[in-house]
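User: Please take a close look at the lining of the largest pocket. From there, follow the strands and the aromatic rings, and explain the reasoning as you go.

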Amino acid sequence: APGAGDTIATAQVTSDSSLRALDAITGTLNAVVDQSNTPAYFADIFKIYISDTSTFSARTVSNNPQDDTSLFLFNSGGLGVAMNDDELNVGVLSVLSALNGLINDYYYIAIGLGGFEAQDGSPQNIFSLGGYTDVRAGDPNAGALVSWADPFARQAETTFDYRIEFTGARVAVPEPGTLALVLLAAAGVV
């Protein structure tokens, strides 16, 4: 997903020729080297629509066992809903499933390197404390996403490709050409 932003304002909006189910998003987490010659990473954020709250799930998949991801779910205002660093008994890939309190609405899904933390403007962590394999809830006292923190020193990680697979989600908007046809058809009915 070239150009996916790392803030809510710069998130990539998922779209296609209809409002069909969203099966997967693929992209690349880019590494850049900072002034101390340490790799630094960006997060990618996508706007999605959760269409079936009872079956919604998001899971990172990879053939490389060293790809270490974190998944984050934010509501339409950028407040934390849930995050996971490492899927229990699976490894360093991430999963969000069986989440309580979801409604059919627009959300933002973010992927970052394992160990990433989402922060508000204070800056304080947006998600409650917990272990790596926990699905951590959004902290009700935290504000909306402003920045990211990576508290762990990185050694040999490099840029890597990712895939997020979904159930219970669809794209956020149809492509503009499709939307124009829908509006034209609606105008014809009127």
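Analyst: The lining of the largest pocket is made up of eight nonpolar residues, four polar ones and three charged ones. The model is a predicted one. The volume of the largest pocket comes to about 220 Å³. It is lined by 15 residues, and those closest to its centre are Ser15, Leu22, Ala24, Ile25 and Val171.

Which strands supply the lining of the largest pocket? At least two residues each come from strand E1 (12-13), strand E2 (15-16) and E3. E3 gives the largest share, with three residues.

E3 leads on to the next strand. It spans residues 24-29 and runs antiparallel to E15, with six bridges joining the two. Within this pairing, Thr26 stands opposite Arg163 of E15. E15 is also joined by five bridges to strand E7 (residues 57-61), again antiparallel. There, Arg163 is the bridge partner of Val61, while Ile164 of E15 stands opposite Thr60. Arg163 of E15 is thus matched with Thr26 and with Val61. E7 in turn pairs antiparallel with strand E10 (residues 95-97) through three bridges, and Ser57 stands opposite Ser97 of E10.

The two faces of E15 can be told apart. In a regular strand, side chains alternate between the two faces of the sheet. Strand E15 covers residues 160-167, and its covered face carries Phe160, Tyr162, Ile164 and Phe166. Its uncovered face carries Asp161, Arg163, Glu165 and Thr167. Ile164, the residue opposite Thr60, therefore belongs to the covered face, and Arg163 to the uncovered one.

Now the aromatic rings. The structure holds seven aromatic pairs. One of them is formed by Tyr49 and Tyr106, whose ring centres are 4.9 Å apart and whose planes make an angle of 75°, an edge-to-face arrangement. Tyr49 belongs to strand E6 (residues 44-50) and Tyr106 to strand E11 (residues 105-113), so this pair ties together parts that are 57 residues apart in sequence. Is each partner buried or partly exposed? Tyr49 has 15% relative accessibility and so counts as buried, the cut-off being under 20%. Tyr106, with a relative accessible area of 28%, is partly exposed.

A second pair is made by Phe72 and Phe74. Their ring centres lie 6.5 Å apart with the planes at 15°, so the pair is stacked; planes under 30 degrees apart count as such. Phe72 has a relative accessible area of 0% and is buried. Phe74 is buried too, likewise at 0%. These two residues belong to one aromatic cluster, together with Phe116, Phe127 and Trp148.

Two charged side chains meet the rings of the tyrosine pair. The charged end of Lys47 sits over the ring of Tyr106, 4.8 Å from the ring centre. Arg170 lies over the face of Tyr49, at 3.9 Å from the centre of that ring. The buried ring, Tyr49, has Arg170 over its face, whereas the partly exposed ring, Tyr106, has the charged end of Lys47 over it.

To return to the pocket: E3 supplies three residues of its lining, and E3 is joined to E15 by six bridges. E15 is joined to E7 by five, and E7 to E10 by three.

Notes: Residues are numbered from 1 along each chain as its sequence is written. This is a predicted model: local features need pLDDT of at least 70, side-chain atom pairs count only at pLDDT 80 or more; totals for chains, interfaces and linings use all residues. Side-chain values use heavy atoms; hydrogens and water are left out. Rings of Phe, Tyr and Trp (its six-membered ring) pair if their centres lie within 6.5 Å; planes under 30 degrees apart count as stacked, over 60 as edge-to-face and the rest as tilted. Helices (H or I, at least four residues) and strands (E, at least two) are DSSP runs, numbered from the N terminus. Buried means under 20% relative accessible area, exposed over 50%, partly exposed in between (1.4 Å probe, protein chains only). A charge sits over a ring if NZ of Lys or CZ of Arg is within 6 Å of the ring centre and within 35 degrees of the ring normal. Two strands pair if DSSP finds at least two bridges between them. On a 1 Å grid over the protein atoms alone, a cavity is a set of points where a 1.4 Å probe fits but cannot get out, and a pocket is an open set with protein on both sides within 12 Å along at least five of seven lines; lining residues have an atom within 4 Å of a point. Grid points are joined across faces, edges and corners, and a volume is the space filled by probe spheres set on the points. Ala, Val, Leu, Ile, Met, Phe, Trp, Tyr, Cys and Pro count as nonpolar, Asp, Glu, Lys and Arg as charged, and the others, Gly among them, as polar.
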